[in-house]
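Take a look at the sequence and the model below. Keep both in view while you read.

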Amino acid sequence: MSVVKKKKRVSKKNKKAWGKYCDIRDVEEFLEDQRLEERLGKFETKPDSELFVIDTGEEAKADDEVEDKKPLSAKLQKRAKLKELPRCFEVLMPTSKVQDPNAKRNRVNPIGSKKTALSKLSEKRKTEKKIFEKKLEEAKKNRKMARDKKRKEKKVRENFNLDLWGNDLPEAKGIPETLCHEFISTEAQLHNVLTTQRLRPKPPVAKTLATRPAVEVPHPGVSYNPSFKEHQELLQEVGQHEQKMMKREAHLLRVTTGMFRRVTQQEKENQWKEEMSAGLPQPHNPANDPEPESETDNEYKAINPPVKNKKKDHKARRKQKEQILEKERLKREKINKKKITDLYKLRQLQSSISESEQQQASSRDKRVQTRAARAAAAPPALSAHAAPRPEPDFVDPALLSGDLRNVKTNSNLLRDRFESLQRRGALAASKVMMKKKRKLKSYFKPGHKVTDNDIEKFLKRNAEKK
Amino acid sequence: MVSKKKKKYSSGEGAQFMTRKAALKKLQLSLKDFRRICILKGIYPREPRNRKRAQKGVGGIKTLYHTKDIKFLLHEPIIWKLRELKVYQQKIRRARAMREYRSMKKYLRDYPEINIDHIVKERYPTFVDALRDLDDCLTLCFLFSTFPSLKKVPRDQSMLCRRLTVEFMHAVIAAKALRKVFVSVKGYYYQVEFEGQTITWIVPHHFSFQPQNKDEVDFKIMSTFVEFYTMMLGFVNFKLYHSLNLVYPPKLTSAFSADTDKDLIDEHAYVSERIAAMNLSLARLEGANDAEELPEMDIFNTEDDDPQKLEEAKQEAEKVKKLKTMFKGLKFFINREVPREPLVFIIRCFGGEVSWDRDHFVGATFDETDESIAYQIVDRPTMDKQYISRYYVQPQWVFDSVNARSLLPINKYLMGAVLPPHLSPFVDKTKDQVYIPPEERALNDPNFKPLNDDQSGSDIEEASDEDKEDEDEPNSEDSDAEEALAKQYQQEVEEDSTSDEDEDNADPEKKKIAKEKKKAMAVTTGVPHKEHPYQKEIEDKQAFRLREKLVRKKHRNLYKSMKAGQEQRKKEIWLLRKKRRLHDEKVKENKKNEKRKQKAQSLEASV
């Protein structure tokens with residue numbers, strides 16, 4: 001007897017509640033069936049042979065056989081399981097019956113599977129044709145090409161495929177993307193930049209480097225076909241420069257070498273003789289003998305006569321005193337007189353003083369200016385060596401042909417550049433030190449030495465043989 | 001408590017400077033590496049104000065660096081790279097010593113490269129900064145592009161220089177940026193203008209490589225400079241090409257692409273390749289319009305808008321505009337004795353087409369027989385076969401035309417003529433108060449007509465005594481051709497100018513009628529306010545004097561001396577002009593007398 005359940009009032013307000021208390025199994029089953037049909041094909045379209053099997057009673061037989069079979073040992077069970085697909089890979093297997101859209105999918109035998117007869121044959125043929133070796137070589141070549149290409153692409157130095165000044169975005173400055181916001185202060189942004197990515201403001205360059213031009217404007221006289229006037233100006237400049245240099249050289253010569261007395265070879269020898277023979281008894285030379293004195297009375301005579309204390313008398317003393325006083329008086333008088341006259345000369349004095357002062361001031365100004373100009377043009381002293389002074393380019397009038405075919409130059413552009421760098425202070429002037437070649441002392445082994453004697457002997461022997 | 005005694009030189013100039021040795025110790029680098037990194041980063045030694053204090057009391061002259069600069073170097077990531085390289089070099093050295101050549105080769109192949117693009121960016125934060133500092137870079141790169149592989153210069157450096165310089169020249173050609181050329185004994189001076197920056201550089205004359213004295217130049221240092229400069233030039237090229245809508249690594253001839261295995265060993269073959277590369281036109285980006293016209297110059301109302309200055313600036317802009325298309329549509333043929341490189345560069349810069357002998361050099365675009373060639377550039381006295389349809393000029397005509405910013409009359413530059421001097425375009429034009437002889441003035445501006453020029457003088461003579469003409473012509477055969485050409489030129493000019501007038505002159509009668517009709521229609525004219533020019537001049541002068549009075553006492557003396565100097569210079573110029581005039585008149589008189597004498601003699605002889 002079925003007990004009729006008392007109907008319970010339930011809410012079917014929304015979909016969830018409705019599904020909870022309604023029996024929708026039949027609907028779901030139907031849908032499931034439909035999906036299955038979709039997957040497996042429609043039930044009606046299938047032929048009977050696929051749907052039905054003729055019962056021949058074999059199944060029962062098989063059941064009997066199973067019963068006869070011994071249960072597998074644990075080992076065998078394990079082996080049997082080896083053939084099975086592992087459970088973990090089941091996910092990878094297709095569950096659907098939908099056909100593989102790629103009909104020509106290349107089936108790859110798993111590695112380690114047995115070679116078929118066909119594959120054996122083809123492999124043999126390939127080895128005979130050395131196809132494998134060729135493949136290997138090609139692969140190697142390809143790998144190298146790929147590597148080279150990759151390396152070349154990486155080389156910024158040859159590609160320059162980078163717009164260096166293009167993007168001034170904060171990301172380009174190494175600021176992390178999370179900090180690129182208008183509310184974050186620049187200090188905070190910069191604080192978080194990696195040290196290696198931070199673009200620091202470069203310290204300012206030296207004044208000489210910033211102000212002096214790299215390529216100086218050429219003098220118009222260095223043209224390959226200059227006008228007469230400009231060429232003459234250039235020659236004048238060169239001449240003046242040369243004169244200055246000569247003067248300087250002469251000065252240096254006078255101040256150094258010229259300062260010392262020269263001693264000839266003869267003089268030097270004589271000096272040496274004299275020095276070496278100092279203190280030695282000289283051979284007697286009658287010419288050197290002191291002259292015999294005319295009046296020799298054998299009386300002793302001092303070289304300087306004795307001093308006599310001769311007193312002045314009163315008169316002489318008085319005269320002397322008077323003279324001194326008179327002199328003093330005259331001097332005083334002169335000074336007093338001058339004082340009075342100077343009063344009238346005041347304006348003249350003043351003007352002369354002011355004039356001399358003006359002169360001094362102007363010359364001082366000039367000196368300061370020239371010194372400043374020289375300092376502004378001077379090469380910076382960066383090392384113990386001085387940078388070479390700039391020299392005007394000399395264009396030999398004989399070398400000026402006037403046409404472009406026969407232009408001759410006497411300047412070295414590379415040296416010019418090098419010196420310009422030094423003059424601007426980009427390089428400390430230096431002397432290029434040449435590496436000295438190590439001198440190897442060569443000598444013969446005593447037994448291998450060939451002397452003149454040996455040669456003679458050899459020649460003699462040869463002659464004898466003939 | 002007694003405070004701790006301050007150590008000497010721990011502050012002030014003593015602390016600001018650092019000797020090179022101390023810097024080496026601080027950075028833990030070898031001298032070689034230190035030099036390299038200093039050049040790359042642009043850190044240079046400094047001159048102290050007080051050397052004794054800066055050297056911490058040590059005598060002598062030592063190379064000093066700012067401590068701040070060295071600290072700046074300390075953060076450079078390249079320093080780590082340099083240290084790594086040191087290890088690498090040791091490995092290579094070891095492999096060589098152990099005769100493990102296989103591994104040595106591998107090490108050499110995988111030698112790590114230092115990337116210095118961030119340094120370029122750091123040293124030149126904006127593109128204009130980089131352009132400003134391009135003089136040295138270009139000169140050195142052009143110089144190194146002529147070098148063979150040397151012992152202390154990396155093998156690929158000169159190759160890279162060659163490529164980059166050609167690329168740069170192409171950028172100049174595309175932008176039409178060349179402004180001035182000067183052919184000196186040292187080499188060619190070029191001046192270009194990019195983004196308002198003038199860049200000047202020197203290209204050496206093409207001789208074969210001149211061996212350098214070993215003790216004059218440190219090649220290692222120069223090569224390091226070039227290493228940095230090539231990097232910089234590469235990025236500048238990239239930027240320039242992109243701003244000109246060109247594809248950056250341009251497809252030049254095969255000798256310049258980086259992936260060729262064979263090098264051109266023959267120097268001449270290489271040079272001709274380079275010139276041929278310059279004659280190519282580059283690939284433009286898609287959608288880029290070819291003729292991008294610069295907009296008209298904007299005029300801003302500044303405080304001191306001097307109308308004269310404004311006018312000058314306008315004229316300058318107009319001149320530059322004209323210069324850019326000076327050779328447009330003209331075909332040039334370069335004879336084989338002329339140095340082609342500068343000429344191809346210059347002519348292409350101003351829109352001309354160039355070609356040369358197809359049999360001698362590669363890259364010729366048209367033959368000598370082409371009738372549309374306008375100019376043939378020759379540097380020899382005579383030629384066997386000449387075409388009537390073209391002018392035969394000497395190469396200097398091209399250079400002088402560029403400097404004059406217009407096509408100069410060719411009569412002074414014809415084949416075999418004695419050339420006028422090649423003047424420098426770099427002279428300072430601010431010194432305007434100097435005497436310029438009429439010949440030079442004619443060179444500088446072609447519009448200037450000297451009052452007593454030789455030719456005009458001779459014309460006057462011919463007009464005055466026509467009977468002499470018959471005798472004159474056979475006497476001066478050599479000057480005849482020149483005159484004829486000059487006349488032809490003048491005629492051409494006149495024709496150009498008259499062609500417009502012809503239309504206006506048509507039917508003068510009609511015009512007259514129209515005028516009369518107009519008169520009949522006219523309303524009685526009001527009397528306009530007439531300005532007395534003389535009166536105005538006087539007023540202006542008075543106003544000027546008043547303003548002069550207002551010059552401050554501080555500047556009065558300066559003003560006075562300035563005025564006096566101006567007067568003096570004016571007087572000098574006037575004097576020299578007068579001298580010249582008198583001299584010319586005298587010469588003319590003498591010539592006339594001589595001619596008269598000759599005529600008399602010939603008459604006597606005939607009688």
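The paragraphs below go from one chain as a whole to sheets, helices and a single residue.

This is a predicted model, in which local features need pLDDT of at least 70 and side-chain atom pairs count only at pLDDT 80 or more, while totals for chains, interfaces and linings use all residues. Residues are numbered from 1 along each chain as its sequence is written, chains are lettered from A and ligands numbered from 1 in the order in which they are written, and side-chain values use heavy atoms, with hydrogens and water left out.

Start with chain A. It has 15 helices and 0 strands. Helices (H or I, at least four residues) and strands (E, at least two) are DSSP runs, numbered from the N terminus. Chain A has 466 residues, and 13% of them count as buried. Buried means under 20% relative accessible area, exposed means over 50%, and partly exposed lies in between (1.4 Å probe, protein chains only). The chain exposes about 44,500 Å², with 55% of that supplied by carbon and sulfur atoms. Accessible areas come from the Shrake-Rupley method with a 1.4 Å probe; for residues, only the protein chains shown count as cover. Now take the contacts in chain A with a separation of 6 or more: 56% of them join residues 24 or more positions apart. Contact means heavy atoms within 4.5 Å.

Next, the sheets of chain B. Strands of a sheet pair through backbone hydrogen bonds, either parallel or antiparallel. Two strands count as paired if DSSP finds at least two bridges between them. One open sheet has 3 strands in the order β3-β4-β5 (chain B), with antiparallel pairing. Why is one side of β3 and of β5 in chain B left without a neighbour in the sheet? Both stand at the edges, each with a single partner strand, so one side stays free of a neighbour in the sheet. From one strand to the next, the twist averages 15°. Angles run from 0 to 180 degrees between N-to-C directions, and axes are lines fitted to C-alpha atoms, for helices over the stretch in contact.

Follow this sheet strand by strand. In β3(B), residues 178–183, 5 of the 6 residues are buried. A hairpin of 3 residues leads from β3(B) to β4(B). These two strands share 5 bridges, and B:V181 has B:Y190 as its bridge partner. β4(B) then pairs with β5(B) over 8 bridges. There, B:V192 stands opposite B:I199.

A second open sheet has 4 strands in the order β7-β6-β8-β9 (chain B), and its pairing is parallel. Its edge strands are β7 and β9 of chain B, each pairing on one side only. Inside the sheet, 3 bridges join β6 to β8 of chain B. B:F333 is matched there with B:Q376. Helix α15 of chain B, residues 340–349, lies across β6, β7 and β8, at about 155° to β7(B).

Now two helices. The axes of α22 and α23 of chain B come within 11 Å and cross at roughly 135°. The two are therefore oblique to each other. Angles under 35 degrees count as roughly parallel, over 145 as roughly antiparallel, 65 to 115 as roughly perpendicular and the rest as oblique. B:F544, B:E548 and B:K549 meet B:R556, B:Y559 and B:K563.

Finally, find B:D136 in helix α10 of chain B. Is this residue buried or exposed? B:D136 counts as buried because its relative accessibility is 3%. Leaving aside neighbours within four places in sequence, B:D136 contacts A:A214, A:R417, A:L421, A:R424 and B:Y229.
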